[in-house]
Amino acid sequence: MTQWPVIRMSDVCHEITVGHVGKMSDQYVSSGVPFLRSQDVCPGRIELSTVKFIPPSFHQKLRKSKLSPGDVVMVRTGYPGTAAVVPPSLLEANCADLVIARPGPKLDPHFLAYTMNSPLGRGFVRGSLVGVAQQHFNVKVAAGMKLPLPPLPIQRRIASILGAYDDLIEVNRRRIAVLEEMARRLFDEWFVNFRFPGHEGHALVETEHGSVPTTWPTVDAGSVIAFDPSTPVPRDGEKPFIPMTQLATMSSIIGSPEQRTGNSGSKFQNDDTLLARITPCLENGKTGLVRRLSSPGGIGFGSTEFIVMRQKLVGRAFIYCLARSPRFRGHAIKSMSGATGRQRVRVESLKQFQLALPPSTLLSKFENAAWEWLEMVGVLAEANQRLSDSRDLLLPRLISGELSVATAERELEDAA
């Protein structure tokens, strides 16, 4: 079994520093120099769709936090230690409140990022966080982190293997985005723009919410959707629990549930839609579809800050797409009340949301198409979870010598 030397991160990096710390909201512009924040750093990748921009003049002032391709950025608070490599596409960029590591010639940046995101790296970070009110990962902790360091060619082979798993995950992620977009566009086309099959023969009438087909009755959402319906969840024994952190902002995918005893919180079952009711989670888009809970009856419980939406007169896909629609979300956000920073949506306000109710035949056609796409999203999400688990288990085995690089490369071919 091969044993690699263990090296401090500071010994194999040119520099370890921290990004700009301070107020930034008044500096953002519609285009300019990309400016990375904690929420833009996902395990192993930068989420470019959420990146903000700052003026070139301000970028020049923030010399310490300038980024270059190949730098490794690591989250300080929230999900401390989460790491990604600055990609070649970001020739010029800057960042806020991120630890920045600039690897030297003996350290491959992708190997460093994978090490940080692995169970090995996460374990080190958890045991080294500092602070009381809010624990965080800082430059001193990063500099002292000890890394098993294979020779550079082996590092690159390991990073290539793990990167191939990420490539498979990314392909599935793009397919998920396309399928979600298809479902939402069909919803908009038929039930927002009213260009449904045979729409040419239907006259429209003006309402306070725009033109709607004259034959479609306007109803309260509460009359066709069950909001926070009664769901029996036993107190005894462990059951799936979904915290707010597991809801996505851009897709229906909900992260792996925890297992908890008790039943305090929102209660739901498979195929329900969960909508965040509290600021800023609602504004950020946190919404999800409950899928494949393994408990008897497919039931679970979760955050008290979820509003549960279940099919009654309209179907599962319709409800999820409605919960993602701008008019519904706008209504929810406008109806929020409470102290600043802790505002919530009242369920009664959502029940009063007005919508034009399509005929049952059209609703059935929509469900048959859109639910199939959303089901495939769930299948691809499960495939990505398996790939992610396999990738995370590989690095410790490769570093310890339990698994040879050549064997891992053969296993990758089988997985692909």
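## Lysine 351

In this predicted model, lysine 351 is partly exposed, because its relative accessible area is 28%, and the range for that class runs between 20% and 50%. The residue belongs to helix H9, which covers positions 347-351.

Apart from neighbours within four places in sequence, lysine 351 is in contact with Asp220, Ala221, Gly222 and Phe227. Glycine 237 is separated from lysine 351 by 114 residues in sequence, and the two C-alpha atoms are 33 Å apart in space.

## The largest nonpolar core

In soluble globular proteins, nonpolar side chains tend to be buried together. Here the largest nonpolar core has 43 residues, and Phe191, Ile225, Met309 and Phe366 are those with the most contacts inside it. Several elements give two or more residues to this core: the helices H5, H7 (316-324), H8 (326-334), H9 and H10, and the strands S15 (225-227), S22 (306-311) and S23 (354-356). H7 gives the most, with 7 residues. A second, separate core has 39 residues, including Ala142, Ala143, Leu162 and Tyr165.

Methionine 309 shows what surrounds one residue of the largest core. Not counting residues up to four places away in sequence, methionine 309 touches Ile225, Ala226, Phe227, Asp272, Thr273, Leu275, Ile319, Ala323 and Phe328. One of these, Ile225, is itself listed among the core residues with the most contacts.

## Helix H7

How much of H7 is buried? Of the 9 residues in this helix, 8 are buried, and H7 is described as mostly covered. The buried residues are Ala317, Phe318, Ile319, Tyr320, Cys321, Leu322, Ala323 and Arg324. Two of them, Ile319 and Ala323, are also touched by methionine 309. Cysteine 321 counts as buried because its relative accessibility is 3%, and the cut-off for buried is under 20%.

## The cavity

The structure holds 1 cavity of 30 Å³ or more. The volume of the largest cavity is about 80 Å³. Its lining is made of Pro43, Gly44, Tyr114, Asn117, Ser118, Leu162, Asp166, Arg391, Asp392 and Leu395. Leu162 also appears in the second core.

Three helices each supply at least two residues of this lining: H2 (109-117), H5 (152-191) and H10 (360-400). The largest share, 3 residues, comes from H10. Sorted by class, the lining has 4 nonpolar, 3 polar and 3 charged residues.

## The second largest pocket

The second largest pocket has a volume of about 380 Å³. Its lining has 21 residues, and Phe191, Phe194, Arg327, Gln354 and Leu355 lie nearest the centre of the pocket. Among these, Phe191 is also one of the residues with the most contacts inside the largest nonpolar core.

The elements that each supply at least two residues of the pocket lining are H5, strand S13 (210-213), H7, H8 and S23. By class, this lining has 11 nonpolar, 7 polar and 3 charged residues.

## Cysteines

A disulfide is a covalent bond between the sulfur atoms of two cysteines. The structure holds 0 disulfides. Why does cysteine 42 have no bond to cysteine 95? The sulfur of cysteine 95 is the closest cysteine sulfur to that of cysteine 42, but the two are 15 Å apart, so they are too far for a bond. The cut-off for a disulfide is a sulfur distance within 2.5 Å.

Cysteine 42 counts as buried because its relative accessibility is 18%.

## Backbone exceptions

Most residues other than glycine have a negative phi, and most peptide bonds are trans. The peptide bond from threonine 279 to proline 280 is cis, with omega near 0 degrees. Proline 280 lies in the loop between strand S19 (273-276) and helix H6 (281-284).

Two residues that are not glycine have a positive phi: aspartate 271, near 85 degrees, and arginine 292, about 50 degrees. Aspartate 271 is in the loop between strand S18 (266-269) and S19, and it is partly exposed, with a relative accessible area of 26%. Arginine 292 is in the loop between strand S20 (287-289) and strand S21 (299-302). At 38% relative accessibility, arginine 292 also counts as partly exposed.

Terms used. Residues are numbered from 1 along each chain as its sequence is written. This is a predicted model: local features need pLDDT of at least 70, side-chain atom pairs count only at pLDDT 80 or more; totals for chains, interfaces and linings use all residues. Side-chain values use heavy atoms; hydrogens and water are left out. On a 1 Å grid over the protein atoms alone, a cavity is a set of points where a 1.4 Å probe fits but cannot get out, and a pocket is an open set with protein on both sides within 12 Å along at least five of seven lines; lining residues have an atom within 4 Å of a point. Grid points are joined across faces, edges and corners, and a volume is the space filled by probe spheres set on the points. Helices (H or I, at least four residues) and strands (E, at least two) are DSSP runs, numbered from the N terminus. Ala, Val, Leu, Ile, Met, Phe, Trp, Tyr, Cys and Pro count as nonpolar, Asp, Glu, Lys and Arg as charged, and the others, Gly among them, as polar. A nonpolar core is a set of buried Ala, Val, Leu, Ile, Met, Phe, Trp, Tyr and Cys residues joined through side-chain atoms within 4.5 Å. Buried means under 20% relative accessible area, exposed over 50%, partly exposed in between (1.4 Å probe, protein chains only). Contact means heavy atoms within 4.5 Å.
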